[in-house]
Amino acid sequence: MAQNNPMPQRVLALILGLVINALGNGLTVATNMGTSPWTASEVNLGHLFGTTVGWPMLVVGVLTAVINQLLIRHWDTWRFVGEVAFISCFSYFVNTFVAGFTRLGVPDLPVIPKIVVCLLGVVTFCCAISLYQRANLIMHPNDDTTNILRFLYFNGRVMTAQIVNFLVPVAIIILTVLFTHRLYSVNIGTLFCLLGNGPLIGLSDRYIWPGLRHNFRVSQLTGQS
């Protein structure tokens, strides 16, 4: 079994992944041309409750961190605390990037440039997810769910794990639309994410920082030695 990457490399991958993921999500939210199902569900929750996207991100992220403990079938304090810390920073950065891109006029761009920017945002956050999933120190709770499903339940199949993971935010979006009768952040970018998220993460695993391995042990998930 391959040796883990040195800790400084893993920490760098974590930091880069966190910030770049927030940047990519900020781009997609600012364009309103569609974003990942999870972020779209949180944008719609924000409109339902009259808040910025950061608060739903934080609440949903903490709940997901709890669910991840159930999926790994044992209590992992480091994993839980790390995921809560990650989502706290991530939600703040997304809010900051959305505000910055809004001030730069991204929401006012013509439709075609907005679509291009939105798709670029999706590619950007997929590359970022690959980085911190491979570093496997702490990560976004929703992406850790994908990692857990991928390796513990679906024999390494990232596409299957991602599709199952996306079922929850799709349900949230449907419920919020029933209350608000409005749909936000679901557009061509969402379709691109649904179809391309898994393959883009897989390609990033191979071609973006290929020396960064999956620092991951199934035994860590199950609590076995």
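So, D144: leaving aside residues up to four places away in sequence, D144 touches N68, R79, E83 and M139. And before I go on, keep in mind that this is a predicted model. Where does D144 sit? In helix 6. Is D144 buried or exposed? The relative accessible area of D144 is 1%, and the cut-off for buried is under 20%, so D144 counts as buried. Out of those neighbours, let me pick R79: the side chains of D144 and R79 are joined by a polar contact of 2.7 Å.

Okay, staying with helix 6 for a second, because that helix takes us to a pocket: helix 6 (141-153) is one of the elements giving two or more residues to the lining of the second largest pocket, along with helix 3 (54-72) and helix 7 (158-180). How much space lies in that pocket? About 180 Å³. Its lining is made up of 13 residues, and the ones nearest the centre are W38, T64, I67, N165 and V168. If you sort the lining of this second largest pocket by class, you get ten nonpolar residues, three polar ones and no charged ones.

Now on to helix 5. Helix 5 covers residues 111-135, which is 25 residues. From first C-alpha to last, helix 5 reaches 36 Å, and that is close to the 36 Å expected at 1.5 Å a residue. What comes after helix 5? That would be N136, and the phi of N136 is positive, near 50°.

That phi is worth a pause. Most residues other than glycine have a negative phi. So let's look at a couple of others with a positive value.

One is N32, with phi near 55°. You'll find N32 in the loop between helix 1 (7-31) and helix 2 (37-49). How accessible is N32? Its relative accessible area is 39%, so N32 falls in the partly exposed class, which runs between 20% and 50%.

Another is H181, where phi is near 60°, again positive in a residue that isn't glycine. H181 belongs to the loop between helix 7 and helix 8 (188-207). Is H181 buried or exposed? H181 has 66% relative accessibility, and exposed means over 50%, so H181 counts as exposed.

To wrap up, if you're clicking through the model afterwards, try D144 with its 2.7 Å polar contact to R79, then the pocket with W38 and T64 among the residues nearest its centre, and then the loop residues N32 and H181.

How values were computed: Residues are numbered from 1 along each chain as its sequence is written. This is a predicted model: local features need pLDDT of at least 70, side-chain atom pairs count only at pLDDT 80 or more; totals for chains, interfaces and linings use all residues. Side-chain values use heavy atoms; hydrogens and water are left out. On a 1 Å grid over the protein atoms alone, a cavity is a set of points where a 1.4 Å probe fits but cannot get out, and a pocket is an open set with protein on both sides within 12 Å along at least five of seven lines; lining residues have an atom within 4 Å of a point. Grid points are joined across faces, edges and corners, and a volume is the space filled by probe spheres set on the points. Helices (H or I, at least four residues) and strands (E, at least two) are DSSP runs, numbered from the N terminus. Ala, Val, Leu, Ile, Met, Phe, Trp, Tyr, Cys and Pro count as nonpolar, Asp, Glu, Lys and Arg as charged, and the others, Gly among them, as polar. Buried means under 20% relative accessible area, exposed over 50%, partly exposed in between (1.4 Å probe, protein chains only). A polar contact is a pair of N or O atoms within 3.5 Å; within protein, one must be able to donate a hydrogen and the other to accept it, and residues adjacent in sequence count only if both atoms are side-chain atoms. Contact means heavy atoms within 4.5 Å. The expected span of a helix is 1.5 Å times one less than its number of residues.
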